[in-house]
Every structure is written in structure tokens, then in C-alpha cells.
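Visitor: Please take me through one part of this structure up close. I am new to it.

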Amino acid sequence: MRRIFLWAARNAWLRTHLSRWWFVRRAVRKFMPGETLPDALGAAEAHAASGIGSVFTLLGENLTTMSEAERVADHYREVLDEVAARGLRAEISVKLTQLGLDIDAEGAYRAFDGLARHAATNANWVWVDMEGSAYVERTLAFYERAARDHRNVGLCLQAYLHRTPADVARLLPLTPAIRIVKGAYDEPAEIAYRAREEVDAAYAAISVQLFEALVRGQASRVILATHDIRLIEQLARSAASMAIDRSRIEVQMLYGIRFDEQRRLAAAGFDVRCLIAYGTYWFPWYMRRLAERPANVIFALRQLLP
Ligand code: FDA
């Protein structure tokens with residue numbers, strides 16, 4: 001089932017046709033407050049009341065022209081301005097293909113560089129999402145350059161990839177900020193763990209590697225981006241044994257998933273943020289969410305009922 005949804009995520013025909021079906025549009029609302037920036041800002045303001053910060057991401061990937069990429073960068077500048085004007089505790093997270101990495105890598109770097117500078121004027125941060133394995137090496141090299149130029153930039157790494165512990169070691173001289181996720185793409189067994197227990201074990205080991213770096217001052221931020229409460233609690237115990245204060249343990253989850261746990265962790269003193277995705281290009285992203293959890297498929301089908 002997971003593989004079917006991940007295949008659907010890459011299928012342009014399905015994207016064009018299925019995303020018009022009313023019950024699919026209704027079901028996606030579980031994971032997105034809406035398609036526009038005001039929808040996302042409204043959700044962030046509601047979360048702020050529960051002590052939960054936000055990360056905004058405009059859905060979209062693999063653009064075909066640099067003018068589209070420039071519009072994306074302009075949009076994110078507007079997001080950063082709105083965040084500052086509303087006094088929100090909110091950062092942004094971008095996909096490099098959405099900034100034109102496939103079309104003009106230097107142009108994509110200029111766009112990212114501009115965003116990092118813009119964010120810095122309000123002491124804010126820009127995060128880089130990690131896409132499928134074909135992009136990992138380029139994304140790492142891009143981040144290495146960005147981390148030399150800016151202190152307010154972070155990178156997402158995927159625990160399911162065999163290479164990730166070595167990538168962490170490679171980045172440590174730059175005092176990186178890392179968001180660690182399990183990984184959302186359909187990767188072959190030659191390069192990625194596929195069994196759940198193996199992915200979880202890799203996630204725990206990489207997080208401990210990052211906590212140790214945090215203690216030594218070799219990492220600036222470590223973010224546990226997962227809904228896996230058992231893993232978060234296990235890692236919180238590891239962090240406590242290393243004398244890392246709870247307020248330095250950052251946890252991020254997606255909008256619409258385990259909000260009760262987001263609230264509970266925030267109330268318990270963890271630094272919690274919710275990643276709010278929005279935009280019209282939601283189909284591949286939504287398929288990846290369905291791939292993660294079969295129960296979401298049943299939820300989608302239930303939307304057929306009045
Ligand atoms: P896992 O899939 O084991 O789920 C643990 C539990 O959480 C499940 O048992 C279920 O209860 C709940 N859960 C998980 N997913 C759910 C869903 N869709 N609906 C309802 N409940 C669900 N990936 C990537 O490749 N590149 C990236 O840049 C990012 N960025 C990113 C940012 C943030 C803030 C988050 C939270 C996640 C990502 N991801 C990502 C996605 C990540 O790789 C992964 O696919 C999902 O987080 C799901 O895995 P979990 O870690 O939650 O564990």
C-alpha cells in the first residue's frame with residue numbers, strides 16, 4: 001500500500017485528475033488548514049495559544065522555470081514579513097527544487113541566500129527540506145555552502161538512508177542545525193532501511209549522535225521531527241542523561257497529526273513546533289501522508305459520506 005501511494009505521489013495524471021475530486025479535497029483538509037497563506041497564519045495563531053510554534057511550508061516541488069522559483073522566493077519573503085509583523089514564533093522550510101535547483105543551481109542558491117538574509121533581519125531561520133535520494137548529495141553540498149554563509153539555516157536529514165550518520169559527521173565542522181526525520185520517499189533497499197524497526201533504530205542512533213554534538217557545541221540545534229511518541233520519550237531520556245535541558249529538545253510534528261501530543265509536550269516544557277503546509281500543489285505531499293498511515297486512507301474514503 002505504501003509503495004502504491006508513493007508511486008501515486010509521482011504520477012502527474014493522478015495529480016491533475018484526483019486533486020479535483022471533491023472528497024479528496026475534503027480529506028486533505030485534515031492535514032492542511034487551507035491553500036492560502038492567511039489560512040496557514042490563522043492556524044499558527046491558534047496553535048500559539050497552546051504554546052506551539054510553527055514552521056511554514058508552501059507546497060510545491062520540481063518547478064520548470066526560474067520565474068516560478070522567483071515567485072516562490074517572493075512568497076517566502078512575504079511569509080517572513082507576516083511572521084515578524086504578527087510576532088509569531090514561526091520559521092520557514094523550503095524545498096530546493098521549489099527554488100529552481102534543477103533548472104539553475106546558482107540561481108537557486110541566490111534565492112536561498114536572499115531568504116536567509118531576509119530572515120536574519122528578524123532573527124529568524126530558514127530550513128531546507130530533504131527530497132528523494134537523487135537530491136541528497138546536491139542538497140548537502142548546497143547546505144554546506146549556506147551554513148558557511150549564514151548561521152540561521154538548518155537542514156533536514158533522513159534516518160532511513162544508510163549514509164546519514166556519515167553525513168552528520170561530515171556536517172559537524174559547520175556547527176549545523178539538523179531536523180531529523182524518518183524519511184518519506186520510496187527508496188531502494190541498497191541505500192535505505194525499509195523495515196520499521198531498522199528505521200527506528202537508525203533514528204535513535206542518529207539523534208544521540210546529534211545530541212552529543214549539541215553538548216560539544218558542534219551542532220547549533222537538533223530537531224526531532226516525528227510523531228513517534230515512544231521514540232521521543234526514549235530520546236528525551238537520553239538527552240536528560242547528557243544534561244540537555246528539556247527546553248533545548250525541539251520536537252516538530254505535522255499539522256493535523258497528534259495535536260493532543262503536541263500540546264502535551266509543549267506543556268511539559270519541550271520546544272514544540274507544528275509544520276503547517278499549505279498551497280495548491282498538495283497532491284504528492286498528501287499521497288506521502290497516506291503512505292505513512294493506512295488509517296488515513298479510510299479517513300479519506302469516509303469523506304464520501306455526507
Ligand atoms: P511513523 O511513521 O513510525 O509514525 C509514528 C506514529 O505517528 C504512527 O504510529 C501514527 O500514530 C503517527 N503518524 C505518523 N504519520 C502519520 C500520518 N500521516 N497520519 C496520522 N498519524 C501518523 N520527510 C522527508 O523525507 N523530508 C523532509 O524534509 C521531511 N520533513 C518533515 C518535517 C516534519 C516537521 C515532520 C514531522 C516530518 C517530515 N518528514 C519529512 C516526514 C517524515 O519523513 C515521515 O515520513 C513522517 O514524519 C512519518 O513518520 P514518523 O516519524 O511520524 O513515524
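Visitor: Why is the sulfur of Cys-274 in no bond with the closest cysteine sulfur?

Guide: Start with the ground rules. This is a predicted model, where local features need pLDDT of at least 70, side-chain atom pairs count only at pLDDT 80 or more, and totals for chains, interfaces and linings use all residues. Residues are numbered from 1 along each chain as its sequence is written, and side-chain values use heavy atoms, with hydrogens and water left out.

Now the sulfur. The closest cysteine sulfur to that of Cys-274 sits in Cys-156, 15 Å away, so the pair is too far apart for a bond. A disulfide is a pair of cysteine sulfur atoms within 2.5 Å. The structure holds zero disulfides. Cys-156, too, is in none.

Look at how each cysteine is covered. Buried means under 20% relative accessible area, exposed over 50%, and partly exposed in between (1.4 Å probe, protein chains only). Cys-274 is buried, at 0% relative accessibility. Cys-156 is buried as well, at 3%.

Next, the backbone. Most residues other than glycine have a negative phi. Ala-243 has a positive phi of about 60°. This alanine lies in the loop between α10 (229-241) and β7 (250-254). Helices (H or I, at least four residues) and strands (E, at least two) are DSSP runs, numbered from the N terminus. Ala-243 is exposed, with a relative accessible area of 69%.

Arg-258 also has a positive phi, of about 50°, and is not a glycine. Find Arg-258 in the loop between β7 and α11 (259-267). With a relative accessible area of 42%, Arg-258 is partly exposed.
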